[in-house]
Amino acid sequence: MKPWSDRKSRAEQYQEIKTRLNQELSHLPQGTVFGFSPPAVPGVGTSGGFQFVLEDRAGKDVKFLADNLNKFLAAARKRPEIGPDQHYVYT
């Protein structure tokens, strides 16, 4: 199969593949077989990604925290597995 990023049509997407597979598996006379989505992983979900909280446990000022946040985000944006199209939420 092609990498997920190369799958453009709806028929090549995960849910469609799973639906077709389950239709075929339902014809097996020997038992009940079906595919299902994996459970969500806390902090990751079911489709990847991650979530983080940056804390200043040293009790320094806001500028210190902001500077370290910017360093972290600059390093994260260089990682190909994170990708440039990811969204960062500041809270």
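Hi everyone, let me start with one residue: Glu 16 touches Arg 10 and Ala 11, leaving aside residues up to four places away in sequence. Glu 16 sits in helix α1, which covers residues 14-25. Its relative accessible area is 24%, so Glu 16 falls in the partly exposed class. Before I go on, please keep in mind that this is a predicted model.

Staying in helix α1, we also find Arg 20 there. Arg 20 is partly exposed too, at 41% relative accessibility. Now look across to Gly 35: the C-alpha atoms of Arg 20 and Gly 35 are 10.0 Å apart, with their positions 15 residues apart along the chain.

Let me step back to the whole chain for a moment. How many helices and strands does the protein have? There are two helices and zero strands. The protein has 91 residues, and 8% of them count as buried. Its accessible surface comes to about 8,100 Å², with 59% of that belonging to carbon and sulfur atoms. As for contacts, take those between residues at least 6 apart in sequence: 4% of them join residues at least 24 apart.

On to the charged pairs. The structure holds two salt bridges. Which residues does Asp 67 pair with, and how far apart are the closest N and O atoms? The partner is Lys 63, and the closest N and O atoms are 2.8 Å apart. Both residues belong to helix α2, residues 62-77, and because they are four residues apart, about one helical turn separates Asp 67 and Lys 63. Their exposure is worth a look as well: Lys 63 is exposed, at 55% relative accessibility, while Asp 67 is partly exposed, at 34%.

The other bridge I'd like to show you joins the side chains of Glu 55 and Arg 57, with 2.9 Å from N to O. Here Arg 57 counts as exposed, with a relative accessibility of 76%. Glu 55, at 48%, is partly exposed.

Next, the nonpolar side of things. Phe 52, Leu 54, Leu 65 and Phe 72 make a nonpolar surface patch of about 290 Å². One of these, Phe 72, lies in helix α2. Is Phe 72 buried, partly exposed or exposed? At 34% relative accessibility, Phe 72 counts as partly exposed. Patch residues need over 30% relative accessible area, so Phe 72 meets that cut-off with its 34%.

Finally, the aromatic rings. If you are looking for aromatic pairs, the count is zero. There is a charge over a ring, though: Lys 60 lies over the face of Phe 64, at 4.8 Å from the ring centre.

To bring it together, I'd leave you with three places to click on. Start at Glu 16, with its contacts to Arg 10 and Ala 11. Then go to helix α2 for the Asp 67 and Lys 63 pair, about one helical turn apart. And finish with the patch of about 290 Å² made by Phe 52, Leu 54, Leu 65 and Phe 72. Thanks for listening, and I'm happy to rotate the model for anyone who'd like another view.

Terms used: Residues are numbered from 1 along each chain as its sequence is written. This is a predicted model: local features need pLDDT of at least 70, side-chain atom pairs count only at pLDDT 80 or more; totals for chains, interfaces and linings use all residues. Side-chain values use heavy atoms; hydrogens and water are left out. A salt bridge is a side-chain nitrogen of Lys or Arg within 4 Å of a carboxyl oxygen of Asp or Glu. Buried means under 20% relative accessible area, exposed over 50%, partly exposed in between (1.4 Å probe, protein chains only). Patches are made of residues with over 30% relative accessible area and no salt bridge: like charges are joined within 9 Å, nonpolar side chains (Val, Leu, Ile, Met, Phe, Trp, Tyr) within 5 Å. Accessible areas come from the Shrake-Rupley method with a 1.4 Å probe; for residues, only the protein chains shown count as cover. Contact means heavy atoms within 4.5 Å. Rings of Phe, Tyr and Trp (its six-membered ring) pair if their centres lie within 6.5 Å; planes under 30 degrees apart count as stacked, over 60 as edge-to-face and the rest as tilted. A charge sits over a ring if NZ of Lys or CZ of Arg is within 6 Å of the ring centre and within 35 degrees of the ring normal.
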